[in-house]
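Please walk me through the enclosed spaces in this protein and the residues around them. Then turn to its aromatic pairs.

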Amino acid sequence: MNIKGFAFILIGVLSCLSVAAQKNPLPAHNNWIFGPSIGYQYQSGSFLKASAWGLFAPNESQYMKIDAGANFTWMGGKTTVIPELGFTYYVNDFVLLPFVKAELTPYTVTPKVGLSLFSLIDLGVGYGFDINTKKDFKQIKGVNLSLGVNIPLNFHLY
């Protein structure tokens, strides 16, 4: 499957989730906010990021987000898709939420810190450690800068 096919399928799945979330009433107790996210990351090269995420609040001043998705890059004249799993811990500070994050791919582990605007826009900086170099690909390590937009499909934790 090429990148255009994957992107088309991803957009279709996210659109279906959005329509389903709008048509179905929320349950009496909703413990999660969820949705898709898109972003950009620089770490030894440029990456387009797309993922699905879920956010919950263990108490009134902390939030935790789990996300799973893919990083797309066009380095070395070829398209590469790298799966990623992330965990973010937000501390509530009204509008700006400081956060710490860990991202794991088959090739890197990347701890980050950053600021988020209402957990909708995340700006992070970190350092990626190479744990397994991809065959026929350069090492993905070093300083990591990222910008992400989280699109909630539901808006309330109650």
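**Cavities and an aromatic pair**

In this predicted model, 24 residues line the largest cavity. Nearest its centre lie Ser-37, Lys-49, Lys-101, Glu-103 and Gly-148. Several strands give two or more residues each to this lining: strand 1 (33–42), strand 2 (46–59), strand 3 (62–73), strand 5 (96–104), strand 7 (121–130) and strand 8 (142–150). The largest cavity holds about 250 Å³ of space. Its lining is mixed in class, with seven nonpolar, nine polar and eight charged residues.

How many cavities of 30 Å³ or more does a search of the whole structure find? The search finds two. The second largest has a volume of about 70 Å³. Strand 4 (80–91) and strand 6 (108–117) each supply at least two residues of its lining. By class, that lining has three nonpolar, seven polar and two charged residues. Phe-47, Ile-82 and Ile-140 are among the lining residues of the second largest cavity. So are Gln-41, Gln-43, Asn-71, Thr-105, Thr-108, Thr-110 and Asn-144. Glu-84 and Glu-103 also line the second largest cavity. Glu-103 is also one of the residues nearest the centre of the largest cavity.

Now the aromatic rings. A pair of rings is described by the distance of the centres and the angle of the planes. The count comes to three aromatic pairs. One of them joins Tyr-90 and Phe-99, 5.7 Å centre to centre. Their planes stand 65° apart. Angles over 60 degrees count as edge-to-face, so this pair is edge-to-face. Are Tyr-90 and Phe-99 buried or exposed? Both residues are buried.

Technical notes:
Residues numbered from 1 in each chain as written. Predicted model: local features only at pLDDT ≥ 70, side-chain atom pairs only at ≥ 80, totals over all residues. Heavy atoms only, no water. Phe/Tyr/Trp six-rings, centres within 6.5 Å; stacked < 30°, edge-to-face > 60°. Buried < 20%, exposed > 50% of the residue type's maximum accessible area, 1.4 Å probe, protein only. 1 Å grid on protein atoms, 1.4 Å probe; cavity = no way out; pocket = protein on both sides within 12 Å on 5 of 7 lines; lining within 4 Å. Points joined across faces, edges and corners; volume = space filled by probe spheres on them. Helix = DSSP H or I, 4+ residues; strand = E, 2+ residues; numbered from the N terminus. Nonpolar A, V, L, I, M, F, W, Y, C, P; charged D, E, K, R; others polar.
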